[in-house]
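What follows is a walk through one protein model, from its overall build down to single residues. Keep the sequence and the structure in view while reading.

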Amino acid sequence: MKFSAALFGLLMAGTALAQDGSDAAFLIARDAFRAGDINKLERAAAQLGRHELTPYVDNYRLRMWMEQGDPGAIRAFLERQDGSYVAEKLRADWIRWLGKRFAWNEIDAQYPKLLAPEADVTCYAQQARLARDDRRALDEAARLWLTQLEPPEACVPVNEALLFSGRVGVDDLWQRARRQIEANKTGAAKTTLGYLADSQAPDSRSLDAALGNGMGYLFRQSADWYATRAGRELAAIAVQRIATSDPRAAAEQLEKLQPRLQDGESRWAWSQIALQAARKHLPEAVDWYARAGDAPLSEEGHQWKVRAALRAQEWGIVHRAIDAMPPELAGRPEWIYWLGRAHKAGGRTSQADALFAKIAGQPNFYGNLADEELGRAVLPPPKAEAPTYEEQRAARETPGLKRALAFFRLDMRTEAVREWNWALRDMDDRQLLAAAQLAKGNQIWDRAINTADRTKKEHDYSLRFLAPYGDTVRPAAQNQALDDAWVYGLMRQESRFISSAKSNVGASGLMQLMPATAKWVARKIGLRDYHHGRVNDTQTNVLLGTSYMRLVMENLDNHPVLASAAYNAGPNRARKWRAERPLEGAIYAETIPFSETRDYVKKVMSNAVYYSALFNGRPDSLKARLGVVGARVADAPKDADLP
């Protein structure tokens, strides 16, 4: 049977109208759920038809009827939607509801079926186990004592059970409070110290004073402050608070206090001064870490001890500091690489090469550097065979991906990304490549990249390192005399090529421009009639972004590492983070104080290597791109008002 073009057009229009109608019904149902209007929700549900997001509306209805106490309907839905994201979220919400009503038997039945339980839900399950005297729940709580520093409300009864069991003593309470104070979770620290016996607990006003104004507290403390542990601990806490803004002033105070402190108290205070000094790149940090001796360190403390030694080029300390890390932390690529470098600096090349071989081939900053240490070129692996028709059809028909595409269609990006990522959980490489191709075909660039990033053995780096908007980006880069691989590497990290992207601090568009920066650049380059409403226009955003990249480069020694750091954290900070002497680019990157910027710079620079290889068909060198960052200089920047 043949259809005319007109008839085919009418059929397509009818399909679109039906979709628009059911989309509208879903949005009404969602809004009714949020407003608590069950009647409106039921009317909208009746208009849905066979919509991809019908399970979400069923979920809304069940959550609104939860108070009616009909668990059978919930169980039936969970069985029907088993393994889906919407079932996972309903089961978690149900456990929260059950936990507040002490329905431990149902929690015991439901919790094992969760695939990725969140912390508060896990604590409700632990409460259920404690109710039947399963002491393994206390074992789990004990393992989290020093890491779960701000527990959800549901975890409080579990921690209290741990305390009342006698498995947590006075030393454990002070150690946890110290970790919380280091992480600036002072409210949580007060809660922890509140569990001390009255005879051992610090006075609440004194604790507030030490936390709020360390220097003022030390000046006003009583003459016999050292007579009790609480008094000594408060003095050490006051030193820690001073160190967050002025490590040298804190060290001066600790020198005076140290004769009255016990070893554990003074060593912790030195470790805190050292941590803050390392973050501020003070040369004394290495010595202050030495004075901390064997004080227990947090993950941050361990890592900044290594970074301080890297800045000082103290390879022996780098070696010992990484050896002292907990195994899981020491097993991260960055510390495997730097331990290898420490061995190499000590002439132990075989040990170094064995460490480099552990991470070589990984498509990341330290995998790239390890490859180059072993004399291997950094190149994308052979391209996998394109997904077959059947593989592509299976991706299109995957329920979770269909739901994600429906959310994308409705501009509900947060829900879409969650649903998409959940659907990928058990996919093999062929399925991932087909899903990535599906995302690319729908111009959902970020999901295409992130999905292709997950493959283990079969890879397509043209999907991992997509380069959309080529007609705009590459000419703009050429006009600014910029390396297009670096521009794409930065854009990939900034927005994953989502043209409407907006950060939580107000940065917009493909190149994530802050309003003040965009306005400054527009004025600098003479862009007439610019207003912030144009910032998400692709051509305008790329013009402003690449112009800013050029200006930053010109103001920062034409060094892409400095410029990348400046693009994320501002040129003044990038300039300030240089050392008093030339510094290896990789060390500069690793010792950036802001974790977000540190991760950003590494990824931008590694991205650029892969884009260069894809664009030019030959290997590139990350080491050459990183180069050497020049010493800090007092010269004024070319553009003093560069934002």
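This is a predicted model, and its secondary structure consists of 38 helices and 2 strands. The protein has a radius of gyration of 29 Å, close to the 26 Å that the globule rule gives for 643 residues, so it is as compact as a globular protein of that length. Measured out along the principal axes, its C-alpha trace spans about 95 × 65 × 55 Å.

How much of the protein is buried? Buried residues account for 51% of the 643 residues. Of the contacts in the protein with a separation of 6 or more, 59% are made by residues 24 or more positions apart. The exposed area is about 30,200 Å², and carbon and sulfur atoms supply 49% of it. As for charge, the protein has 88 positive and 81 negative charges, and their mean positions are 2 Å apart.

The interior comes next. In soluble globular proteins, nonpolar side chains tend to be buried together. Here the largest nonpolar core has 206 residues. The residues with the most contacts inside that core are F26, I273, W338, L401, W420, W486 and Y588. One of them, L401, can be followed further: leaving aside neighbours within four places in sequence, L401 is in contact with A395, W420, A423, L424, M427, A435 and L438. W420 therefore appears both among the core residues with the most contacts and among the contacts of L401.

Next come some single residues in helices. Y389 lies in helix 24, which covers residues 389-396. Is Y389 buried or exposed? Its relative accessibility is 57%, and because exposed means over 50%, Y389 counts as exposed. Y389 and T186 are 203 residues apart along the chain, and their C-alpha atoms are separated by 57 Å.

N159 lies in helix 9, made up of residues 156-164. N159 has a relative accessible area of 12%, and so it is buried, the limit for that being under 20%. Apart from neighbours within four places in sequence, N159 is in contact with A141, W145, P151 and R176. Between the C-alpha atoms of N159 and M553, which are 394 residues apart along the chain, the separation is 52 Å.

T472 is part of helix 30, residues 470-479. With a relative accessibility of 18%, T472 counts as buried. Which residues does T472 contact, leaving aside its neighbours within four places in sequence? They are T538, Q539 and V542.

Two loop residues remain, and the subject here is backbone geometry. Most residues other than glycine have a negative phi. Y469 is not a glycine, yet it has a positive phi of about 60°. Y469 is found in the loop between helix 29 (461-464) and helix 30, the helix that holds T472. At 26% relative accessibility, Y469 counts as partly exposed.

F497 also has a positive phi, of about 65°, although it is not a glycine. Its place is the loop between helix 31 (484-495) and helix 32 (515-525). Is F497 buried or exposed? F497 has a relative accessible area of 0%, so it is buried.

Terms used: Residues are numbered from 1 along each chain as its sequence is written. This is a predicted model: local features need pLDDT of at least 70, side-chain atom pairs count only at pLDDT 80 or more; totals for chains, interfaces and linings use all residues. Side-chain values use heavy atoms; hydrogens and water are left out. Helices (H or I, at least four residues) and strands (E, at least two) are DSSP runs, numbered from the N terminus. The radius of gyration is taken over C-alpha atoms; the globule rule is 2.2 Å times the number of residues to the power 0.38. Buried means under 20% relative accessible area, exposed over 50%, partly exposed in between (1.4 Å probe, protein chains only). Contact means heavy atoms within 4.5 Å. Accessible areas come from the Shrake-Rupley method with a 1.4 Å probe; for residues, only the protein chains shown count as cover. Lys and Arg count as positive and Asp and Glu as negative; His and the chain ends are not counted. The place of a charge is taken as NZ of Lys, CZ of Arg, CG of Asp or CD of Glu. A nonpolar core is a set of buried Ala, Val, Leu, Ile, Met, Phe, Trp, Tyr and Cys residues joined through side-chain atoms within 4.5 Å.
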